[in-house]
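I sat down with this one at the bench computer, coffee in hand. Here are my notes, in the order I looked things up.

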Amino acid sequence: MAESLKEVQHVCPLLLPADTKRLSYSGFIRVKDKSFYLKISLPDDGDVHYAKIDCDWQLRNYLSKHQAVLKKKLLLARDLPSFLIDFKMLLNQIMSLQAQPLPPPNYYSRLISEIEEIGWNRLSHIDTKFQDIQITLNDTGGRVHVLSIHLPYKYPIEPPVCNAVLPLAFQPNWSSSTTLADIVRQFEKVILEYQRFWDVLDELDKKTWVLDPSSPSLSSTYRRIVIRSHLSLQVTIDPLHPQLMPECTPLGPTEEVKVIKDRLYSRGQQCWNTRCSVLENLQNILSVNFPSPISTKEEDYIMECGICYTHRHYENGRAPDFTCDNKQCSQPYHVSCLYEWLTSLTSTRKSFGFLFGECLYCNEAISVKLMVPSVE
Ligand SMILES: [Zn+2]
Ligand SMILES: [Zn+2]
């Protein structure tokens with residue numbers, strides 16, 4: 001106990017034993033040149049894990065949002081001195097976090113005049129610190145966009161950080177004389193430039209069955225569309241050149257995928273007509289009519305994976321993207337489920353970057369790429 005007292009006083013010289021058994025200490029703890037009243041009471045067996053802490057209102061204020069961390073530190077403490085070291089470090093961190101400097105007065109006056117230039121009515125959100133603002137805009141296609149702007153305390157010495165849901169990151173040109181209204185104008189120009197890109201995707205969303213992504217955002221550049229049951233085409237549109245032939249990846253049984261690939265390869269670039277829509281071009285080149293939501297039912301294309309028994313993969317949200325080549329079987333799987341399943345089996349062979357195994361339902365040979373491709 002005597003040794004412990006020396007150690008306690010080494011960490012907190014102003015914390016003194018309050019009883020003869022040294023189960024209670026009271027006094028002051030000093031952090032960042034500030035002293036706080038503190039009383040620590042240990043249970044009869046001296047176990048620090050169940051110590052009770054009383055303190056002054058200032059210290060209580062600092063700790064109010066960090067009770068869980070404090071409890072954890074108590075439970076992990078080896079003894080009272082080691083807890084006090086941890087406690088001082090925690091308090092130091094909390095105080096540093098709360099001691100952010102206030103922006104200079106001209107920060108607010110400049111910000112208010114800049115918001116007036118944009119128009120308060122266009123602001124959909126502003127936080128109490130006047131640091132985070134959101135502006136809502138409608139584009140010519142009727143889509144709603146939200147531009148989030150975070151202003152550092154040193155604005156306009158430091159640039160604002162802009163965020164928006166776009167296919168490519170929004171990085172406005174900025175100098176210290178750039179106003180928020182300039183940024184909004186740059187954003188309007190950018191969304192105008194993406195109109196054709198979104199129109200292409202809108203047409204696919206309206207006129208075909210889209211398997212992936214399940215609820216596409218304005219940043220999504222691809223759609224996996226149904227060609228027929230068990231066969232789909234993943235189309236990735238270039239946001240800057242949406243009228244050009246997109247990157248196309250057919251998914252389904254090997255034989256059918258080969259037919260689609262051959263048509264894309266032999267007729268793709270030659271027959272692509274930029275005066276027609278992407279959907280019309282794809283239908284012409286592939287000689288298919290993509291099933292339309294007007295004349296077909298979604299249930300016809302919702303497949304369950306043979307491993308996880310769900311349509312949407314629990315992690316990446318994708319619909320099954322692999323089909324067993326045996327025409328009598330045609331069992332759909334998620335590539336990631338199949339990959340996980342095959343890697344767990346000792347009988348699986350690995351070669352040339354592929355995993356080789358058997359279909360769980362018909363024992364037909366199947367193979368998946370060693371690295372699971374991730375989309376977005
Ligand atoms: Zn699955
Ligand atoms: Zn099979």
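The entries below cover metal sites, a sheet and some salt bridges.

**Entry 1: what I am looking at**

I am working from a predicted model.

**Entry 2: zinc ion, ligand 1**

I began by asking which residues coordinate the zinc ion (ligand 1). I found C305, C308 and C337, each through SG, and H334 through ND1, at 2.1 to 2.3 Å. Along the sequence, I read the spacing of these donor residues as C-x2-C-x25-H-x2-C.

Next I checked the geometry of the zinc ion (ligand 1): the angles among its 4 donor atoms run from 96 to 119 degrees, and the site is tetrahedral. For reference, I noted that the ideal angle for four tetrahedral donors is 109.5 degrees.

Are C305 and C308 buried or exposed? I got 1% relative accessibility for C305, so C305 counts as buried. C308 comes out at 24%, so I put C308 down as partly exposed.

**Entry 3: zinc ion, ligand 2**

I then turned to the zinc ion (ligand 2), whose protein donors are the SG atoms of C324, C329, C359 and C362, lying 2.3 to 2.4 Å from the metal. The spacing I wrote down for the donors of this zinc ion is C-x4-C-x29-C-x2-C. Its site is tetrahedral as well, with angles of 99 to 113 degrees among the 4 donor atoms.

Which parts of the chain does the pair C329 and C362 tie together? I traced C329 to the loop between β13 (322-323) and β14 (332-333), and C362 to the loop between β16 (354-358) and β17 (365-369), so the pair joins parts that are 33 residues apart in sequence. I also looked up accessibility here: C329 is partly exposed at 21%, and C362 is partly exposed at 27%.

**Entry 4: a four-stranded sheet**

I followed 4 strands that form an open sheet in the order β9-β10-β11-β12, with antiparallel pairing. At the edges I found β9 (210-212) and β12 (247-251), each pairing on one side only. From one strand to the next, the twist averages 35 degrees.

I looked further at β10 (residues 222-228) and β11 (residues 231-236), which pair in the antiparallel sense over 6 bridges. As one example, I noted that R224 has Q234 in β11 as its bridge partner.

**Entry 5: salt bridges**

How many salt bridges does a search of the whole structure find? I got 18.

I took D202 and R143 up first: their closest N and O atoms are 2.9 Å apart. This pair links distant parts of the chain, with D202 in helix α7 (residues 195-207) and R143 in the loop between β6 (132-138) and β7 (144-150), 59 residues apart. R143 is buried at 9% relative accessibility, while D202 is partly exposed at 26%.

Then I checked D79 and R78, whose side chains meet at 4.0 Å, N to O. R78 counts as exposed at 69%, and D79 as partly exposed at 26%.

Back in helix α7, I saw K207 and E203 form a salt bridge with closest N and O atoms 3.2 Å apart. Because these two residues are 4 apart in helix α7, about one helical turn separates K207 from E203. E203 is buried at 17%, and K207 is partly exposed at 45%. I also noted a network: salt bridges that share partners join D212, R224, R312, R318 and D321.

Notes: Residues numbered from 1 in each chain as written. Chains lettered and ligands numbered in written order. Predicted model: local features only at pLDDT ≥ 70, side-chain atom pairs only at ≥ 80, totals over all residues. Heavy atoms only, no water. Donors = N, O, S within 2.8 Å, 3.2 Å for Na, K, Ca; no water. Tetrahedral: all angles 85-135°; square planar, octahedral: opposite > 155°, others 65-115°. Buried < 20%, exposed > 50% of the residue type's maximum accessible area, 1.4 Å probe, protein only. Pairing = 2+ DSSP bridges. Axes fitted to C-alpha atoms, helices over the stretch in contact; angles between N-to-C directions.
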